[in-house]
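The following paragraphs lead the reader through a protein structure, beginning with its cysteines and moving on to its overall build and to some individual residues.

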Amino acid sequence: MLPDGNGIDVCCKLKADKSTGDIPIVMMSANYNASQMSALCSADDFISKPFDITDFTRRVAIQLGLDEL
């Protein structure tokens, strides 16, 4: 729900760029599920809305290579 595009477009552009392709991306949506999202972009993880804050922080920590946040 970005004013000038959507998160899928942003994810695809970031992952396609050599300088940003290694940055972990966690997508979150109420409109898509994990299998739909993986077909649309190369996000490193997906969280569906509504979400559990504990699960959210755990997934972000994993992408950052941390034990916890």
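Why is the sulfur of C11 not in a bond with the closest cysteine sulfur, in C41? In this predicted model, the sulfur of C11 lies 3.3 Å from that of C41, which is too far for a bond. The same separation applies when the pair is viewed from the other side, since C11 holds the closest cysteine sulfur to C41, at 3.3 Å. A disulfide is a covalent bond between the sulfur atoms of two cysteines. The cut-off applied here is 2.5 Å between the sulfur atoms, and by this rule the count comes to 0 disulfides. Both cysteines are shielded: C11 is buried, with a relative accessible area of 1%, and C41 is also buried, at 7%.

The overall build can be considered next. The protein contains 3 helices and 2 strands, and along the sequence these elements follow the pattern α-β-α-β-α. Measured out along the principal axes, the box filled by the C-alpha atoms is roughly 30 × 30 × 25 Å. The protein has 69 residues, of which 17% count as buried. Among contacts with a separation of 6 or more, 23% are between residues 24 or more positions apart.

The surface may be described in terms of both area and charge. About 5100 Å² of the protein is exposed, and carbon and sulfur atoms supply 54% of this area. The side chains include 6 positive and 10 negative ones, and the centres of these two sets are 5 Å apart.

Attention now turns to the aromatic residues. A search of the whole structure finds 1 aromatic pair. This pair is formed by F51 and F56, whose rings are tilted, with 5.4 Å from centre to centre and 45° between the planes. Both partners are partly exposed: F51 has a relative accessibility of 38%, and F56 has a relative accessible area of 27%.

A further feature concerns the backbone. The peptide bond from K49 to P50 is cis, with omega near -5°. P50 itself is located in the loop between β2 (45-48) and α3.

Helix α3, which spans residues 53-64, contains Q63. This residue is partly exposed, at 23% relative accessible area. Apart from neighbours within four places in sequence, Q63 is in contact with P24, V26, D44 and D45. The C-alpha atom of Q63 is separated by 11 Å from that of A43, a residue 20 positions away along the chain.

Y32 offers a view from another loop, the one between β1 (26-29) and α2 (34-40). Its relative accessible area of 34% makes Y32 partly exposed. When neighbours within four places in sequence are set aside, the contacts of Y32 are I8, M37, L40 and F46. One of these, F46, lies 14 residues from Y32 in sequence, and the C-alpha atoms of the two are 9.5 Å apart in space.

How values were computed:
Residues numbered from 1 in each chain as written. Predicted model: local features only at pLDDT ≥ 70, side-chain atom pairs only at ≥ 80, totals over all residues. Heavy atoms only, no water. Buried < 20%, exposed > 50% of the residue type's maximum accessible area, 1.4 Å probe, protein only. Helix = DSSP H or I, 4+ residues; strand = E, 2+ residues; numbered from the N terminus. Contact = heavy atoms within 4.5 Å. Areas by Shrake-Rupley, 256 points an atom, 1.4 Å probe, with all protein chains shown as cover. Lys, Arg positive; Asp, Glu negative; His and termini not counted. Charge placed at Lys NZ, Arg CZ, Asp CG, Glu CD. Phe/Tyr/Trp six-rings, centres within 6.5 Å; stacked < 30°, edge-to-face > 60°.
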